[in-house]
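Work through the exercises below with the sequence and the structure open. Each task is followed by a solution in steps.

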Amino acid sequence: MLIPDSLLVPDHVITRLMMSELENRPGQHWLLDGFPRTLGQAEALDKICEVDLVISLNISFETLKDHLSRHWIHPPSGRVYNLDFNPPHVHGIDDVTGEPSVQQEDDKPEAVAARLRQYKDVAKPVIELHKSRGVFHQYSSGTETNKIWPYVYALFSNKITPIQSKDAYRPCPVEEPGRCGRPFN
């Protein structure tokens, strides 16, 4: 199925994909990033499990738009560049081949803004559902991983057996949220 630029994957497609995967993991803890995004997805998830923790990182619309619209790729290799934390040596040129890198249509600021507006509209009922169940937690004190992780770790530790690895206590060496490059366990 071809998804037009700047639209989210259709609800039924992502729901079927996620339910299939999660049903194959009974008795395990799951960390879902960006799912469920819609009320339909949340209702499908309710049929197979009880959600016990939802964390929302409250990042401003402009910060998200700026961050997401800084992605460039080298199409033949799939190499990804970010103009803030992983820029190419020469803007618009792949570091390895010297060929052009491009910004995909759905990474351009206008498309990112449209996706974020659409996401906000469909996510609001999901947020309200999780708030009403007392499982929703929101973090609003910055975007740096070394500030976010202690809060997230404390929430996880109240729900699952704490991680015993020393890596769990170290802040991410990359100064970009969610781009640590190592697993949480």
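**Exercise 1. Place His71 in the predicted model and describe its surroundings.**

Step 1. His71 belongs to strand β2, which covers residues 71-74.
Step 2. The relative accessible area of His71 is 13%. Buried means under 20%, so His71 is buried.
Step 3. The side chain of His71 has a polar contact, at 3.4 Å, with the side chain of Asn82.

**Exercise 2. Describe how β2 is joined to β3.**

Step 1. Strand β3 spans residues 79-82, and four bridges link β2 to β3.
Step 2. The two strands run antiparallel.
Step 3. Take one bridge: Trp72 has Tyr81 in β3 as its partner.
Step 4. Look at the hairpin of β2 and β3, where four residues lie between the strands. Gly78 in this hairpin has a positive phi near 85 degrees. For comparison, most residues other than glycine have a negative phi.

**Exercise 3. Set out the secondary structure of the chain and the extent of burial.**

Step 1. The chain has five helices and four strands.
Step 2. Read from the N terminus, the order of elements is α-α-β-α-β-β-α-β-α.
Step 3. The chain has 185 residues, of which 30% are buried.
Step 4. Consider the contacts between residues at least 6 apart in sequence: 56% of these join residues at least 24 apart.

**Exercise 4. Find which residues of α2 are buried and where they point.**

Step 1. The buried residues in α2 are Gln41, Ala42, Ala44 and Leu45.
Step 2. Viewed down the axis of α2, these buried residues fall within an arc of 160 degrees, so they line one face of the helix. As background, an α-helix has 3.6 residues a turn, so residues three or four places apart point the same way.
Step 3. The buried residues of α2 pack against α1 and against α4, residues 109-132.

**Exercise 5. Examine Gln41 and the loop that precedes α2.**

Step 1. Gln41 is part of helix α2.
Step 2. With a relative accessible area of 4%, Gln41 is buried.
Step 3. Between the side chains of Gln41 and Asp11 there is a polar contact of 2.9 Å.
Step 4. Leaving out residues up to four places away in sequence, Gln41 touches Asp11, Ile14, Thr15, Phe35 and Pro36.
Step 5. Pro36 sits in the loop between α1 and α2. The peptide bond that joins Phe35 and Pro36 is cis, with omega about 0 degrees. In general, most peptide bonds are trans.

**Exercise 6. List the largest nonpolar core and say which helices contribute to it.**

Step 1. Ten residues make up this core: Met18, Met19, Leu22, Phe35, Ala44, Leu45, Val51, Val54, Val135 and Phe136.
Step 2. Helices α1 (11-23) and α2 (39-46) each supply at least two residues of the core.
Step 3. The largest share, three residues, comes from α1.
Step 4. Take Val54 as one member of the core. Not counting neighbours within four places in sequence, Val54 is in contact with His130, Val135, Phe136 and His137.
Step 5. Another core, of eight residues, lies apart from the largest one; Tyr139, Ile148, Val152 and Tyr153 are among its members.

**Exercise 7. Count the aromatic pairs and classify two of them.**

Step 1. Rings pair if their centres lie within 6.5 Å, and the count comes to three aromatic pairs.
Step 2. The ring centres of Tyr139 and Tyr151 are 5.0 Å apart and the planes are at 45 degrees, so this pair is tilted.
Step 3. Tyr139 is in strand β4 (residues 136-139) and Tyr151 in helix α5 (residues 145-159), so the pair ties together parts twelve residues apart in sequence.
Step 4. Tyr139 is buried, at 9% relative accessible area, whereas Tyr151 is partly exposed, at 26%.
Step 5. The rings of Trp149 and Phe156 have centres 6.4 Å apart and planes at 70 degrees, so this pair is edge-to-face.
Step 6. Trp149 counts as buried at 11% relative accessibility, and Phe156 counts as buried at 18%.
Step 7. Trp149, Tyr153 and Phe156 form one aromatic cluster.

How values were computed:
Residues are numbered from 1 along each chain as its sequence is written. This is a predicted model: local features need pLDDT of at least 70, side-chain atom pairs count only at pLDDT 80 or more; totals for chains, interfaces and linings use all residues. Side-chain values use heavy atoms; hydrogens and water are left out. A nonpolar core is a set of buried Ala, Val, Leu, Ile, Met, Phe, Trp, Tyr and Cys residues joined through side-chain atoms within 4.5 Å. Buried means under 20% relative accessible area, exposed over 50%, partly exposed in between (1.4 Å probe, protein chains only). Contact means heavy atoms within 4.5 Å. A polar contact is a pair of N or O atoms within 3.5 Å; within protein, one must be able to donate a hydrogen and the other to accept it, and residues adjacent in sequence count only if both atoms are side-chain atoms. The arc is that of the directions from the helix axis to the C-beta atoms. Rings of Phe, Tyr and Trp (its six-membered ring) pair if their centres lie within 6.5 Å; planes under 30 degrees apart count as stacked, over 60 as edge-to-face and the rest as tilted. Two strands pair if DSSP finds at least two bridges between them.
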